[in-house]
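Thanks for stopping by with a new fold to explore. Let's go through it together in a few questions and answers.

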Amino acid sequence: MKSVTLGANTFSYDDIGEGPALLLLSGWCQDHRLFKTLAPELARTHRVIRLDWRGHGEHRSHDGDFTTDDQADDVVAFLDHMKIDTVVPVSTSHGGWANIEVTDRLGKTRIPRCVVIDWIQTTPNEAFFSMIDHIQDRSNWENGRGDFFNYWIGDTENLDIIDHVNNEMAKYSFEMWARSGREIARAYRKWGNPMQRMAEMKQHRPITHIYSQPFEPEYAQAQLDFAAGNDWYKPNKLPGKTHFPTLEQPKLVADTIRAFVK
């Protein structure tokens, strides 16, 4: 991975392939390794940049507390530093909140399309907020995190996913997990859900949601209902079993992204 210093923080990133630019952004307490099989697949046809969030990836130290808006600031600063005029951001999970903020700020000319992956699109119930509270409680955070891990993995035997969760995600500190919980809860309380956030954008442009979980038919229907009234929104349900389609079925995810951005 390469390094770049923006303001008071250093970030890890890499840059492979040629063609229209795609910027891969993970969720909280994840990093570029989430895209280890997706990135080379996409690089057959595109320039693919993996950027780690502040305090993530190979540079875990950072300049104090930070928020989703700070993450969006970092992405804009990175794109300016790299002199990237047009890009399609591709985020996973709750990296979507910063992705949509960047997309909204930079407008349709610089970001003509946007991809979000496996990000809870509907308004969560109070049980979800309780789980979020648990990962912010220093006395109970590992149990709360374990509840998420068990649901995300399901009954998969995919070793890449098991390693990503049990070794890569599990190495992030209590402080980062607690920060993620605070920012995710804050976003849902403010916006209601990601679809409502997207509806509030100053300029609409095609956005696709590629996902496998949750499996309940009413979750899929809620997205179809939203898409019926917002033709720029395109949900794409994949036949996966876990929260990690970029590791579970990278070729299918790459083909879905390519079909969307062409």
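Accessible areas here come from the Shrake-Rupley method with a 1.4 Å probe. Keep in mind as you read that this is a predicted model.

Q: What share of the exposed area of the protein do carbon and sulfur atoms supply?
A: The protein exposes about 11,100 Å². Buried residues make up 56% of its 262 residues. Of the exposed area, carbon and sulfur atoms supply 49%.

Q: Why does the protein count as being as compact as a globular protein of its length?
A: The protein has 11 helices and eight strands. Its C-alpha trace spans about 45 × 45 × 35 Å along the principal axes. The globule rule gives 18 Å for 262 residues, and the protein is as compact as a globular protein of that length because its radius of gyration is close to that value, at 17 Å.

Q: Among contacts between residues at least 6 apart in sequence, what percentage join residues at least 24 apart?
A: A contact here means heavy atoms within 4.5 Å. Taking the contacts in the protein between residues at least 6 apart in sequence, the part that joins residues at least 24 apart is 78%.

Q: Which helix gives the most residues to the largest nonpolar core?
A: In soluble globular proteins, nonpolar side chains tend to be buried together. The largest nonpolar core here has 59 residues, and those with the most contacts inside it include Leu42, Trp177 and Phe244. With eight residues, the top contributor to this core is helix α7 (residues 174–191).

Q: How many residues are in the other core, which lies apart from the largest one?
A: Look for Tyr13, Ala72, Val76 and Ile111, which are among its members. This core lies apart from the largest one, and its size is 21 residues.

Q: Is the pair of Trp97 and Trp119 stacked or edge-to-face?
A: The two rings are 4.9 Å apart, centre to centre, with 85° between the planes. Trp97 is in helix α3 (residues 96–110) and Trp119 in the loop between β6 (114–117) and α4 (126–134), 22 residues apart. Both Trp97 and Trp119 are buried. Planes over 60 degrees apart set the class, and this pair is edge-to-face.

Q: Why is the pair of Trp152 and Phe244 edge-to-face, and what is the angle of its planes?
A: Trp152 lies in helix α5 (residues 141–153) and Phe244 in the loop between β8 (233–237) and α10 (245–248), 92 residues apart. Trp152 is buried at 13% relative accessibility, and Phe244 is buried at 2%. The ring centres are 6.2 Å apart, and the pair is edge-to-face because its planes are at 90°.

Q: Which arginine lies over the face of Trp191?
A: Two such arrangements are worth a look. Arg113 lies over the face of Phe260, at 5.0 Å from the ring centre. Over the face of Trp191, at 4.4 Å from the ring centre, lies Arg197.

Q: Is Asp231 buried or exposed?
A: Asp231 is found in the loop between α9 (217–229) and β8. From His204 it is 27 residues away in sequence and 9.6 Å away in space, C-alpha to C-alpha. The cut-off for the exposed class is over 50% relative accessible area; Asp231 has 65%, so the residue is exposed.

Notes
Residues are numbered from 1 along each chain as its sequence is written. This is a predicted model: local features need pLDDT of at least 70, side-chain atom pairs count only at pLDDT 80 or more; totals for chains, interfaces and linings use all residues. Side-chain values use heavy atoms; hydrogens and water are left out. Rings of Phe, Tyr and Trp (its six-membered ring) pair if their centres lie within 6.5 Å; planes under 30 degrees apart count as stacked, over 60 as edge-to-face and the rest as tilted. Helices (H or I, at least four residues) and strands (E, at least two) are DSSP runs, numbered from the N terminus. Buried means under 20% relative accessible area, exposed over 50%, partly exposed in between (1.4 Å probe, protein chains only). A charge sits over a ring if NZ of Lys or CZ of Arg is within 6 Å of the ring centre and within 35 degrees of the ring normal. The radius of gyration is taken over C-alpha atoms; the globule rule is 2.2 Å times the number of residues to the power 0.38. A nonpolar core is a set of buried Ala, Val, Leu, Ile, Met, Phe, Trp, Tyr and Cys residues joined through side-chain atoms within 4.5 Å.
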